[in-house]
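The following note sets out points for a colleague reading this model. Please consult the sequence and the structure alongside each point.

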Amino acid sequence: MNRLYFFSLFLGLHPMGLVAAEQEAADHWSFQMVKRPVLPEGQGNPVDAFLGRRLQQEAVPVNGPADSRSLIRRVSVVLTGLPPQPARVKAFEREFSAEADKAYMALVDELLASPHFGERWAQHWLDTIRWAETNGSESNLYRKLAWVYRDYVIRSFNEDKPYDHFVREQLAGDAMGAGDATGFLVAGPHVPAATVGQQATAIRQARADRMDEIMQTVGASLMGITIGCARCHDHKFDPLSIEDYYAMSAVFQDIEFGSRNPEFSDEHPRKKRSAELWGQVAGQRRILQQTGPWQEDWGGYRELHFSPVDAVAVRISFKSPSVGIDELEVFGPGKVNLNLALASRGTKVSGPEEMVQDGRNRITRINDGEYGTMAWRARAPNKSEERPWALLNFDRAQRINRLRISSNREYYFETDYLTTKPGFSFTNFEVEVQGKDGKWKKVASTWWIENGLNKKQPARAAAVKKLKQLAYALAEEGPRPSFVGRFIKPKITRVLHRGSPENPAQEVMPSAPEILSGDLSLTSANSGRKRRSRFADWVTDPKNPLTARVMINRIWHHVFGAGIVVTGNDFGAAGALPTHPELLDWLAAEFMKPGRGNSRAWSVKDMIRLLVHSDAFKRSSAPRAQGLQPDDALLWRYPPRRIEAEVIRDGILQASGRLDDSIGGRSYRIHNVKKTYAQWQVVDNHGPGTWRRMIYQERMRRVDDRIFTAFDFPDCGQVRAKRPVSTTPLQALNLMNSPFAVEQADYIAERARRESGEGEAAVRRCFQLLLCRRPNADELRECMQVAGEHGLNFVCRALMNSNEFAFLP
Amino acid sequence: MSAEKISPIGRGLLNRRDFMRNTGFALGGLGLADLLSAEDPVNFSGKSSIRPDIDPGNPYAPRPPHFVPAAKQVLVIYCPGAVSHVDTFDYKPQLEKLHGQKPPNIPAVTFEGPSGNIAKPFWEFKPRGQSGKMTSELLPRLGAMADDFCFFHALHTQTSAHPQGENFFNSGFTMEGFPSFGAWTTYALGTENADLPAFVAINDPRGLARSGKNNFGSGFLPASFQGTDFNSRNPPANLNRPVNFTAADDKATVDLLQRLNGRHLERFPGDSNLAARIASYELAGKMQTSVPEVMDISNEPAAIHREYGTDQGSNLKKEYAKNCILARRLIEKGVRVVQLFNGSDPSGGNGITNWDSHSNILKTHAMQAEIMDQPTAALIHDLKRRGLLEDTLVVWATEFGRMPFLQGNGTGRDHNPDAFTCLLSGAGVKKGFSHGESDEFGFKAVKNSTSVYDFNATILHLMGLDHERLTYYHNGLERRLTNVHGHVVKEVLA
């Protein structure tokens, strides 16, 4: 028997092996419902009870408690991502020596209540789903206002939103007044349809790839399954079939990568503000209405308003010899958001065919409902008096009063930071309508509005100006198109044989994997929102064996440095087994249905509190004095580890006193404004504009920030359960020589002198600011020498680069 | 052994011991221990993975290949934008005959739009060298070296879009986030010269290629294995001592740092992560000397400068020629992987900054060729003259080809994913050899058709690595450069 044949049995290819393998797969531990295990005998923290039993079995003695300084540094970084401030360290040391437990519990509560808690844990969540603010792929365009999702995540962790609710909102927030939460679904990279060329096969493939990104996000982050492995064939290791993959993809068929106005509940501040602003818009419009038609500039499009009129057809005649228009919409006074021009409503469009140079840019582009580069482009022949025009014929008479026209609305609303901000590729135009009687009449001319009306009536000009300001204010402060996904009409989903969109096979109904009792009682007729809502119900059902386990494991990973299951995104057969299965299950059970007083179901903060209250968390990280080091997974000590890029950068800025620690909002930008097809270039990664916490640094796919990318900052391409920790000479060079490091060393030195005076006091202050401790006599002497001969900034530079600064004690 | 070191799939297999007992499956004489060894995880191919034993204290230490390699180092010359095979190395006399016609079977629409009529090569083809290989006048100097080259004429790829094409060629996947070829190779092999980065990406003077950092990134591998990017003009970021600091300032900082770290290490004796970080500062210090040294091409003889062409032609060519000299110096110093780019993203407009040539191919390809031909030929020739090709594999590559017909009857050619040409030269490959054929138009690969997986598998093979056994566990799979595909093209091995 050859080796390959032998393996084919494992892979379920042999008839006998198949049955056995399936049974084995169904029995896989993580697919069984969570049952609360009995707590081991003894008092104290349940975490210690489980860990202690294993330590006892293995006869591994544990370390004593960490000193108070290490402890405050450790717990501050784990909970908030920021090292403690010197004054807090001093106070804690005092309180701790008086009453250790009380001091520590108070500190934990303080840190959990800090608004920086949400920033720290949001960072972990964004890592998990490889969230970033550019597309990756062609042009790697910026995703405008994607950051409203980051704000949502930070807010959710700070509010301690129950995890099941957090998950629901991210899957179906559009139905829950939390439209910003669906940024989750479009966190991954994507290839825009417009950039894969003209071949239908490539366009279909790109859509399938985008769906796969959504599948990977959902599968890895919420379920801990590698669902992507079932895209082309049944999963090789887990009982997930190719049908499961496509059935689950049907749940998300209404999602497309793009922007929309997030749905907000009435209490949302943006919602309230926009109501005010829209009131003012209406006021200005009333002024204009009295004196004739008018035009509004909304940045991404222009809107022409005129008195309501019944029309069977509309003709727009342009004054410029060439035009580029991606969409032309017509609205009436009735249903104000119903676009009557859409081809799908039966409206026919025509224009001067001889003026179109490229078959891709036919007139039908203007009423196809698609914004972006695929536009109608027409050019009149040289020296001709002819001008481009468009004629819309409705299927029946419509009452209309408004026309909206744009050149590339997608670029305006979905991206930013391009040198060529799309303006309008048309100037003035006239609108005529044909009544039911067949007669044509002119309803507006933009030239006349400007020159015949606005210029002659100051009140009109003022109102138009005010409207432009309001449009801008709405864009900044109101709900506005944000990169949190857009909705499309879901198509019937079919299994794609071998993963190829060119080989569609049988229809599948939206459902979760069969092995996980994933029937959602849905059909292809159900709306996308309903599909996602049902899926959300299923995934957050306490009977779901994965959801709680996967999240508890993530929390554990970020508290202790490694998960109970080290492959945090893979709880399948190819993933690692839990080091402490009963502990994991007990915690998962407790997470969903707490048995301890005061604890709330699905409370992330309560679970973190439980973990950091354990003796295991409070242990010293010192290595064994001699002999073999036991496995750190047993937690006989707190395993020391290198802190992440963010903690290094934030910690330095905090030490220098330059950190702007305001919460939320727009990202700080380190890159240039670029040409559409160019690569982003880092232009300023150190100036005052960047002195915010690094979670607010624009996450750019494919961009090396020239300092912290080298510290395993994720490239946000593939989902990753954890960041690798590597050590490279580039890290050393960046932290020694980058302008950021050099300038901050100066600022820290300056601050130390300002706060403590010159000499030894200043050196002591630098140690406090960066290492939370006093220097010993040797260190003080050495540092005084360097400070004297070279400058205090060189002492700071060395401290910033020290292992003590870079490792969590 | 910590849990982390065991491959999850290896562990998964261990769990199956029970399954086999329970099913009463007879194992016969099979070496169960061998198969179920925790050190010997299993990947898709059914072959066991070979996991490089990486010392965290020295991730770049040289590591043994899987078998005796033909090549110890590799130089990849990458031409973003898609070089037209039918105008360079893939001679199709039929195009002359059918010039201006539109034979059946030509699709109505290709990547950028409607297809036009067949266009004969824009440059004349001539026989070269002993082999009489027909290559065009566009690249006369490279053509003159045809006897040293091993051409792949039947390559095909998975995409018609540049960024995905670059991703696919350089990381084995069209999607984002996978480790580059150079990262895989240094992950496996480390490097011989501890004073220089193991993997250097020499970017075009005009900037990064379309996929940017993906082409030399580490993806989900540790950041240690990402390419360090610099060229003859720009050193790696933050390499140099800050301008206002003296050497004494720098030394004082480093000395103080080492003392601080030394004392800290006493509290954590034997902690390899701390020791590794201390070592990384020493290596950084060495790089501060060795990198400027290797970048300084001013003391190369005038004849070398002339040969590479740093002194004549367009400014871009002169800059690229300097990068070529740098590439040779890096290979000479033992750098494991050097990736040299000839072209950048098209920020300057269509076809201006790389090989993309949808219109006016006569001008755009000629401009690129002027930059590439002489310096690249000189580089390969120089490596040969110095005997470096004994141990070095040279790869010349692009992401796809161009169409044998015009784009919309304009003046350029659209993307062709179904046939294109790349070449190998040097250690381990046949000389003056051509593998595979495209059809009579150069439209589709027809004979010995070669996927990018096959091509990458072959390069890894030449480096002594089995592409099916070089893996890294990531999200449920032992991932490979070649996904679950690829066959070594044995026909080209010398």
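1. A residue is called buried here if 20 or more other C-beta atoms lie within 10 Å of its own, and exposed if 12 or fewer do. The model under review is predicted. By that cut-off W602(A) is buried, because 23 other C-beta atoms lie within 10 Å. W602(A) belongs to the loop between α18 (581–592) and α19 (604–612) of chain A. Its backbone deserves a check: W602(A) is not a glycine, yet has a positive phi of about 60 degrees. Most residues other than glycine have a negative phi.

2. A similar check applies to C716(A), a residue other than glycine whose phi is positive and near 60 degrees. C716(A) sits in the loop between α21 and α22 of chain A. With 26 other C-beta atoms within 10 Å, C716(A) is buried. A further positive phi, of about 60 degrees, is taken by C772(A), just after α24(A).

3. Helix α24 of chain A covers residues 760–771, 12 residues in total. From first C-alpha to last, α24(A) reaches 16 Å, close to the 16 Å expected at 1.5 Å a residue. Is α24(A) mostly covered or mostly open? Mostly covered: 9 of its 12 residues are buried. The buried residues of α24(A) include R765(A) and Q768(A), along with A762(A), V763(A), C766(A) and F767(A), and the run L769(A), L770(A) and L771(A). Their packing partners in chain A are α5 (86–98), α21 (645–656), α23 (739–756), α25 (777–789), α26 (792–801) and α27 (803–806).

4. The contact between the chains draws 90 residues from chain A and 80 residues from chain B. On the side of chain A that touches chain B, at least two residues each come from α1 (3–10), α2 (15–26), α10 (200–223), α22 (729–737), α25, α26 and α27. Of these, α22(A) gives the most, with 7 residues. By class, this side of chain A has 40 nonpolar, 27 polar and 23 charged residues.

5. Two helix pairs across the contact merit individual description. Two packed helices are described by the angle between their axes and the distance between the axes. For α26(A) and helix α7 of chain B (residues 247–267), the axes come within 9 Å and cross at roughly 45 degrees. At that angle α26(A) is therefore oblique to α7(B). The crossing of α26(A) and α7(B) is right-handed. From α26(A) the contact uses F794(A), V795(A), R797(A), A798(A) and N801(A), and from α7(B) it uses D249(B), A252(B), T253(B), L256(B), L257(B) and L260(B). The residues of this contact of α26(A) with α7(B) divide into 7 nonpolar, 2 polar and 2 charged.

6. How do α25(A) and α7(B) pack, and at what angle? Their axes are 11 Å apart and the angle is about 170 degrees, which means that α25(A) is roughly antiparallel to α7(B). The residues making the contact are E779(A), E782(A), C783(A), V786(A) and E789(A) of α25(A), together with A252(B), L256(B), R259(B) and L260(B) of α7(B). By class, the contact of α25(A) with α7(B) has 5 nonpolar, no polar and 4 charged residues.

7. R642(A) is a further position to examine, in strand β14 (residues 641–642) of chain A. R642(A) is buried, with 23 other C-beta atoms within 10 Å. Neighbours within four places in sequence aside, R642(A) is in contact with V725(A), A806(A) and F807(A), and with N273(B) of the partner chain. R642(A) and P809(A), 167 residues apart in sequence, have C-alpha atoms 9.1 Å apart in space.

8. Is H686(A) buried, exposed or partly exposed? It is partly exposed, because 18 other C-beta atoms lie within 10 Å. H686(A) lies in the loop between α21 and α22 of chain A. Not counting residues up to four places away in sequence, H686(A) touches S738(A), P739(A), F740(A) and E743(A). P352(A), 334 residues from H686(A) in sequence, is 54 Å from H686(A) in space, C-alpha to C-alpha.

9. On chain B as a whole, the model shows 12 helices and 20 strands. Of the 494 residues in chain B, 60% are buried. Among contacts in chain B with a separation of 6 or more, 75% are between residues 24 or more positions apart.

Definitions and conventions
Residues numbered from 1 in each chain as written. Chains lettered and ligands numbered in written order. Predicted model: local features only at pLDDT ≥ 70, side-chain atom pairs only at ≥ 80, totals over all residues. Helix = DSSP H or I, 4+ residues; strand = E, 2+ residues; numbered from the N terminus. Expected span 1.5 Å × (residues − 1). Contact = placed C-beta atoms within 7 Å. Nonpolar A, V, L, I, M, F, W, Y, C, P; charged D, E, K, R; others polar. Axes fitted to C-alpha atoms, helices over the stretch in contact; angles between N-to-C directions. Parallel < 35°, antiparallel > 145°, perpendicular 65-115°, else oblique. Left-handed = near helix turned anticlockwise from the far one by under 90°.
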